Amino acid sequence: MVTVSTLYAIAQQPPSPTRVRGTIEGVDGNTLAVKSRNGEEVKLHMTSDIRVLGLTKIALADIKVGSFIGTTTVPGPDGVPSAVEVHVFPENMRGTGEGSRPYDLKPNSSMTNATVAQSVVSNDGHTLLVKYRDGEKKVLVSPETPVVTYVPADKTDLKAGAKIIAFTKKLPDDSLETDRVSVGRDGLTPPM
């Protein structure tokens, strides 16, 4: 009985979103053909209300106290999380996904979306103290860490050769649907 009720509860949960990272190989109506970073051919159905966001490089110095950022981190050798990438949200996206949670970019990585409370510059880069609803975290951002920000984009930016990260969900027929795609500008590969 317990097993049956557990399986029923799992079956009733909505499908969890996943991410597809790769290069667009073609667009056919509302379907994107993407070659994922692991070489898999993936078809993504775009919803009618899809949000497309552009990503462009900015300087590490553009991260200011008060900026709302997202950062993928991995454990650093000294215990301070090291940033694999940082993306600065525009003001109209402040609060997006606020918090810290495991992430799938690299083994043992986490994603933290938070407000920069303090920035200390050293020879090794910047150490940021970021604060979010349930806590805070120090993050080391080296001079080599990719730093990007969001810029306006639309479906016309989704064309062959563009590098993307698409947020997807699996539908009952096992196809993938996306309602949000971030696309790199000027050949940029979205680092998150």
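Contact here means heavy atoms within 4.5 Å. The model is predicted, so local features need pLDDT of at least 70 and side-chain atom pairs count only at pLDDT 80 or more, while totals for chains, interfaces and linings use all residues. Residues are numbered from 1 along each chain as its sequence is written, and side-chain values use heavy atoms, with hydrogens and water left out.

**Exercise 1.** Find the residues that L32 is in contact with, leaving aside its neighbours within four places in sequence.

*Solution.* Start at L32 and skip those neighbours; you're left with I24, G26, V27, V42, K43, L44, M46, L158 and I164.

Next, look at the largest nonpolar core (buried Ala, Val, Leu, Ile, Met, Phe, Trp, Tyr and Cys residues joined through side-chain atoms within 4.5 Å; buried means under 20% relative accessible area with a 1.4 Å probe, protein chains only). It has 16 residues, and L32 is one of those that touch the most other members, along with I24, V34, L44, L158 and I164. Two or more residues come from each of β1, β2 (31–36), β3 (41–57), β11 and β12; strands here are DSSP runs of E, at least two residues, numbered from the N terminus. β3 gives the most, with five residues.

**Exercise 2.** Work out how β11 pairs with β1 and with β12.

*Solution.* Two strands pair if DSSP finds at least two bridges between them. Take β1 (residues 18–28) and β11 (residues 163–170): they run antiparallel over six bridges, and R21 has I165 as its bridge partner.

Now go to β12 (residues 176–184), which pairs with β11 in the antiparallel sense over seven bridges. Here T168 is matched with T178. β11 and β12 make a hairpin with five residues between them, and D174 in the turn has a positive phi of about 75 degrees.

**Exercise 3.** Trace the ring pairs that link F68, F89 and Y150 into a cluster.

*Solution.* Rings of Phe, Tyr and Trp (its six-membered ring) pair if their centres lie within 6.5 Å; planes under 30 degrees apart count as stacked, over 60 as edge-to-face and the rest as tilted. There are two aromatic pairs by this rule.

First, the F68 and F89 centres are 5.3 Å apart with planes at 40 degrees, so this pair is tilted. F68 lies in β4 (residues 68–74) and F89 in the loop between β5 (82–88) and β6 (99–102), so the pair ties together parts 21 residues apart in sequence.

Then take F89 and Y150: centres 5.4 Å apart and planes at 20 degrees, so they're stacked. Y150 sits in β10 (residues 147–152), 61 residues from F89.

Terms used. Helices (H or I, at least four residues) and strands (E, at least two) are DSSP runs, numbered from the N terminus. Buried means under 20% relative accessible area, exposed over 50%, partly exposed in between (1.4 Å probe, protein chains only).
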